[in-house]
Amino acid sequence: MSTAIAWCSQVACGLDFLHSKGMIHFDIKPANVLLDMAGNAKICDLGIARTTEYLDRPGSLTFSNTKRIGTPSFMAPELLRGDTDRITGDIDIYSFGIML
């Protein structure tokens, strides 16, 4: 149990770091959290991550004419609705909660 708590704490710290740099991951899920050789949890696959500065551009969340980016099972409701006007790091926290 203490190992799982440590991993969760490490992922939360990783998200805090990303968000402090103005980045949003958009796809927090178990497959995007890996363990290094020392057993530390690391957030990976920043392929669809965006900076909050980039999000201010019109159409910045479109991929193949859709505003729904990420894995639907782990997506925040506002992303599922396509309501991308006020996206914040909270969507990563939501996905993290689903992952837990």
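What share of the contacts in the protein with a separation of 6 or more comes from residues 24 or more positions apart? In this predicted model, such residues account for 52% of those contacts. The secondary structure comprises 4 helices and 4 strands. From the N terminus, the order of elements is α-β-β-β-β-α-α-α. Of the 100 residues, 34% count as buried. The exposed surface of the protein is about 6,200 Å². Carbon and sulfur atoms supply 56% of that area.

Helix α1 covers residues 2-20. At 1.5 Å a residue, its 19 residues should span 27 Å. The C-alpha atoms at its ends lie 27 Å apart, so the expected and computed spans agree.

The buried residues of α1 are V11, L15 and L18. Viewed down the helix axis, these buried residues fall within an arc of 60°, so they line one face of α1. An α-helix has 3.6 residues a turn, so residues three or four places apart point the same way. The buried residues of α1 pack against three strands, β1 (23-24), β2 (33-35) and β3 (41-43). They also pack against a helix, α4 (90-99). Here, contact means heavy atoms within 4.5 Å.

The face of α1 turned away from the buried side carries exposed residues. These are S2, I5, C13, D16, F17 and S20. Exposed here means over 50% relative accessible area, whereas buried means under 20%. After α1 comes G22. The phi of G22 is positive, near 80°.

Notes: Residues numbered from 1 in each chain as written. Predicted model: local features only at pLDDT ≥ 70, side-chain atom pairs only at ≥ 80, totals over all residues. Heavy atoms only, no water. Helix = DSSP H or I, 4+ residues; strand = E, 2+ residues; numbered from the N terminus. Expected span 1.5 Å × (residues − 1). Buried < 20%, exposed > 50% of the residue type's maximum accessible area, 1.4 Å probe, protein only. Arc of directions from axis to C-beta. Areas by Shrake-Rupley, 256 points an atom, 1.4 Å probe, with all protein chains shown as cover.
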